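Let's take a walk through this structure together, beginning with a strand and its partners and ending at the ligand. Have the model open as you read.

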Amino acid sequence: MPDAAVPLPHPVTGQLFPSPVPPGTGWPGDPACPSTTVATTAEEVAALAAAARDVADVDAHVSVCRACPRLVAWRESVATTGRRASFANQPYWGRPGPGFGDAAPRVLVVGLAPAANGTNRTGRLFTGDRSGDWIYAALHRAGYANQPESVAAGDGLELIGLRIVSAVRCAPPANRPTPEERRTCGQWLDRELALVAPGLRSMLALGAIGWEAALASARRLGWDVPRPRPRFGHGAEVLLRAADGHRVRLLGSYHVSQQNTFTGRLTEEMLDEVVARL
Ligand code: SF4
């Protein structure tokens with residue numbers, strides 16, 4: 001395994017980067033700059049999220065956030081000493097995965113959390129792993145993406161009228177964030193949802209945690225959410241009313257994880273059917 005301090009070439013641009021990637025050094029799509037303020041506690045996340053003027057501002061602060069010590073340690077250990085052998089000659093982003101896509105979307109996709117060797121390597125949600133192959137191919141078939149593949153930041157992928165975020169923005173060990181980590185990171189989601197709400201028509205929650213995060217965030221923002229809390233299921237649908245009174249449809253899909261796609265629990269047809277209802 002090469003020393004992580006030794007810069008390695010980005011797979012698209014060839015520019016050399018150490019792992020983790022310092023903010024504002026030229027990584028494709030890096031929303032931060034070297035002076036972007038870093039949140040180190042849940043309280044600082046709350047303050048920076050509240051002050052964010054737009055989603056670009058949220059993205060910048062998310063991408064340098066260090067508020068969850070366990071997740072910071074994990075994402076950086078994967079990026080330095082824990083890199084997968086097949087990616088050993090690539091730099092690892094090693095930072096949180098900010099939202100990706102349209103800044104004023106009609107549709108918001110809410111996933112679970114970055115993958116250790118996917119987003120945590122590439123710096124873009126659902127990029128560089130099998131789950132990304134599934135979701136972006138489906139979004140391309142439905143006209144929300146300009147290409148079906150998502151290989152690396154800088155590969156030309158653009159989303160049309162749609163934005164992807166995750167309930168937790170750092171890769172968690174065993175894909176399991178703690179309740180406290182979900183609460184802390186949910187503050188970024190709250191702000192992002194509030195900022196995109198005026199033009200939002202629907203949301204797609206991938207998996208039960210995305211579903212819970214979307215509903216919890218909507219409720220914290222004062223949206224009208226049915227009680228008792230609607231249950232997650234593939235194809236589940238619930239109508240929410242945003243704070244300004246307009247309706248937003250929330251749809252649920254099984255997560256595009258390999259656990260579901262390899263076993264046939266989620267098929268392309270099942271995913272396409274839900275995406276068509278957005
Ligand atoms: S999980 Fe969210 S709140 Fe916690 S460090 Fe990562 S970006 Fe920050």
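Two strands count as paired if DSSP finds at least two bridges between them. Keep that rule in mind as you look at this model, which is a predicted one.

A good place to start is strand β5, residues 162-166, where five of the five residues are buried. Follow the side chains along the strand: Leu-162, Ile-164 and Ser-166 point one way, while Arg-163 and Val-165 point the other way. In a regular strand, side chains alternate between the two faces of the sheet. Here the residues of β5 are buried whichever way they point.

Now turn to the partners of β5. Strand β4, residues 107-111, runs parallel to β5, and five bridges link the pair. Within this pairing, look for Gly-111, which sits opposite Ser-166 of β5. That same Ser-166 points the same way as Leu-162 and Ile-164. Strand β3, residues 100-101, is antiparallel to β5 and is joined to β5 by two bridges. Here Gly-101 faces Arg-163, a residue that shares its direction with Val-165.

From the strands, let's move on to the ligand. Which residues come nearest to the ligand? Of the 15 residues around the ligand, they are Cys-65, Cys-68, Arg-169, Cys-170 and Cys-185. Two elements, α3 (69-80) and α6 (179-196), each give two or more residues to this shell. The largest share comes from α6, with three residues. Sorted by class, the shell holds eleven nonpolar residues, one polar residue and three charged ones.

Terms used:
Residues numbered from 1 in each chain as written. Predicted model: local features only at pLDDT ≥ 70, side-chain atom pairs only at ≥ 80, totals over all residues. Buried ≥ 20, exposed ≤ 12 C-beta atoms within 10 Å, placed from the backbone. Helix = DSSP H or I, 4+ residues; strand = E, 2+ residues; numbered from the N terminus. Near = placed C-beta within 6 Å. Nonpolar A, V, L, I, M, F, W, Y, C, P; charged D, E, K, R; others polar.
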